[in-house]
2 protein chains.
Amino acid sequence: MKELIIMKIGGSVITDKNKYMSADKESILRVAKEIANARKKKKFDLVIVHGAGSFGHMPVKKYNITNGIFSEMQKLGFAHTYHSCATLSHHLISVLLAEGVPAIVVPPLTILSHHNKKIKKFDTTVLSMLLKEGYVPILRGDVVLDDVIGGSISSGDEQVPYLAKKLNAKRVIYGVDVDGIFTADPKTKKDAKLIPFISNKNINSILSCLEEAKTQDVTGGMRGKITELLHYATIPIYIVNAKKRGNIQNILLGKKVKCTEIRLK
Amino acid sequence: MKELIIMKIGGSVITDKNKYMSADKESILRVAKEIANARKKKKFDLVIVHGAGSFGHMPVKKYNITNGIFSEMQKLGFAHTYHSCATLSHHLISVLLAEGVPAIVVPPLTILSHHNKKIKKFDTTVLSMLLKEGYVPILRGDVVLDDVIGGSISSGDEQVPYLAKKLNAKRVIYGVDVDGIFTADPKTKKDAKLIPFISNKNINSILSCLEEAKTQDVTGGMRGKITELLHYATIPIYIVNAKKRGNIQNILLGKKVKCTEIRLK
């Protein structure tokens with residue numbers, strides 16, 4: 001078996017979060033080319049999970065479907081959101097195919113369902129079959145069915161830890177729009193420092209720092225992510241800036257990149 | 001439980017079979033409006049299976065993937081075909097959503113796999129869940145994984161009989177580009193006569209007529225279909241012209257339409 005890498009690509013990397021259904025075509029093209037180049041240089045299996053960015057957040061807000069599906073309008077909103085997230089996958093996959101990457105989208109709704117906003121069932125059989133045949137399965141943050149509240153949101157950040165464990169990934173990569181995890185929000189605080197390595201030694205101080213910052217997502221959108229990550233951080237996890245040219249290709253190839261690496265025992 | 005209808009919409013209805021990836025937008029809009037209107041007038045559950053038309057046939061031919069996936073180029077062709085068929089679903093669903101139909105696409109690859117070009121597994125759980133919540137699941141003719149030859153083609157005509165049985169459908173509708181099953185090809189033979197009703201009484205003479213015509217698909221593309229249909233024709237099956245305004249709406253509402261009705265015991 002080849003090494004399996006699970007790579008999340010943040011919605012902030014491939015969409016313009018402030019515009020409705022606006023894909024960042026330049027970013028998508030760069031990321032796709034880097035994935036294609038890495039695959040030409042090294043053999044590895046890859047699952048990509050992309051965030052929905054503005055393609056998800058905006059219809060979810062518009063149709064008010066964060067807390068369940070109870071009206072006909074919300075039901076239509078659920079379908080609109082699913083379609084909107086599919087549109088973003090479609091953009092990404094068009095470019096991946098053009099670069100020679102045999103990408104196959106598997107909408108999470110078809111294999112994952114929720115029980116009150118938490119994973120109830122996540123059947124990864126088709127992903128394993130696709131990997132075995134040499135394809136690159138694509139998942140995404142999207143709406144899924146929920147047996148308590150009708151429908152809810154499954155984020156890429158929810159899916160990645162589950163996939164890493166179930167599919168026995170060797171590495172996990174989070175491509176985001178900052179250089180990694182910081183001591184404060186690097187977008188607003190000049191004195192924010194990148195934390196290059198998180199291990200059992202410094203994890204507690206980092207967690208209490210995150211706890212203090214509860215009211216604000218001061219770590220550049222990484223607070224929710226890191227607490228999810230800690231549940232499975234026995235394999236190397238890299239949080240890298242996917243907006244910077246070369247980072248995705250280099251991290252896929254196992255090269256050194258400015259980032260946060262998490263490795264716990 | 002509401003009555004469940006399985007409706008196939010032929011690729012010839014919603015695409016231009018002679019042009020690469022060319023959707024027939026006028027037909028799609030008309031069909032979508034008729035489905036939306038019928039749903040406003042009557043409560044019923046609906047699963048739609050659309051053919052791929054030029055969105056499927058052309059990439060399948062271009063990449064030569066009819067008989068399996070054995071090369072890297074075929075693998076990329078498989079992914080291209082999947083993407084191309086998804087593009088057609090995307091067109092159709094955009095219009096259905098705009099008409100207020102909560103359509104959710106479930107690509108067959110995610111729930112169906114083949115063993116040497118025949119259905120090996122077809123897990124309809126997610127379709128039942130979607131129906132229960134009031135959505136309209138959309139499937140399509142498309143590529144699926146095959147555990148013998150890597151990948152093969154699952155036609156809508158293959159899926160419909162299986163779905164009808166498994167989901168306990170009450171009626172099946174085939175929307176095609178002719179008025180039903182004819183004694184000869186209505187597109188080329190002036191003396192072709194529509195067969196309005198197929199029952200146990202006339203089925204044998206029709207089958208032998210079809211047998212004689214083996215070398216040519218003289219019944220307007222219906223020969224393969226009818227032999228598939230006979231395996232499950234214990235519920236009413238309607239073959240109607242979906243190119244003619246009003247037919248889809250009327251047949252969904254249970255009204256009389258010029259068509260072929262099949263009812264066997």
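User: In this predicted model, where is B:Ser155 found in chain B?

Analyst: B:Ser155 lies in the loop between strand E8 (150-154) and helix H6 (156-166) of chain B. Its relative accessible area is 32%, so B:Ser155 is partly exposed. In space, B:Ser155 and B:Pro108 are 9.7 Å apart, C-alpha to C-alpha, although 47 residues separate them in sequence.

User: How should the size of an interface be read, and what area do chain A and chain B bury between them?

Analyst: Interface size is often expressed as the accessible area lost when the parts come together. Here chain A and chain B bury about 2,900 Å² between them, with 72% of it on carbon and sulfur atoms. The contact draws 34 residues from chain A and 34 residues from chain B.

User: How many residue pairs in polar contact, and how many salt bridges, are found across the interface of chain A and chain B?

Analyst: The rule finds eight residue pairs in polar contact, both at pLDDT 80 or more, and zero salt bridges across this interface. On the side of chain A that touches chain B, helix H4 (72-98), strand E3 (103-105) and helix H5 (125-132) each supply at least two residues. H4(A) gives the most, with 13 residues. By class, that side has 22 nonpolar, ten polar and two charged residues.

User: Which rotation superposes chain A on chain B?

Analyst: A rotation of 180 degrees with 0.0 Å of shift along its axis does so, with an RMSD of 0.0 Å. This is therefore the relation of a two-fold axis. The same surface serves both copies, as 100% of the contact residues of chain A recur in chain B. Of the residues of chain A, A:Thr110 comes closest to the rotation axis, at 3.2 Å (C-alpha).

User: How many salt bridges does the structure hold over all chains, and which residue pairs with A:Asp179?

Analyst: There are 24 over all chains. A:Asp179 forms a salt bridge with A:Lys258, with the closest N and O atoms 3.3 Å apart. This pair links distant parts of the chain, 79 residues apart. A:Asp179 has 10% relative accessibility and so counts as buried, whereas A:Lys258, at 54%, counts as exposed.

User: Is B:Arg171, the salt-bridge partner of B:Glu3, buried or exposed?

Analyst: B:Arg171 counts as buried because its relative accessibility is 7%, and the cut-off is under 20%. B:Glu3 is partly exposed, with a relative accessible area of 23%. Their closest N and O atoms are 3.1 Å apart. B:Arg171 belongs to strand E9 (residues 171-176) of chain B, while B:Glu3 sits in the segment before strand E1 (4-9), 168 residues apart.

Definitions and conventions
Residues numbered from 1 in each chain as written. Chains lettered and ligands numbered in written order. Predicted model: local features only at pLDDT ≥ 70, side-chain atom pairs only at ≥ 80, totals over all residues. Heavy atoms only, no water. Contact = heavy atoms within 4.5 Å. Buried area = accessible area lost by both parts, 1.4 Å probe. Salt bridge = Lys/Arg side-chain N within 4 Å of Asp/Glu carboxyl O. Polar contact = N/O pair within 3.5 Å; in protein donor to acceptor, adjacent residues only side chain to side chain. Helix = DSSP H or I, 4+ residues; strand = E, 2+ residues; numbered from the N terminus. Nonpolar A, V, L, I, M, F, W, Y, C, P; charged D, E, K, R; others polar. Least-squares fit on C-alpha atoms with pLDDT ≥ 70 in both. Buried < 20%, exposed > 50% of the residue type's maximum accessible area, 1.4 Å probe, protein only.
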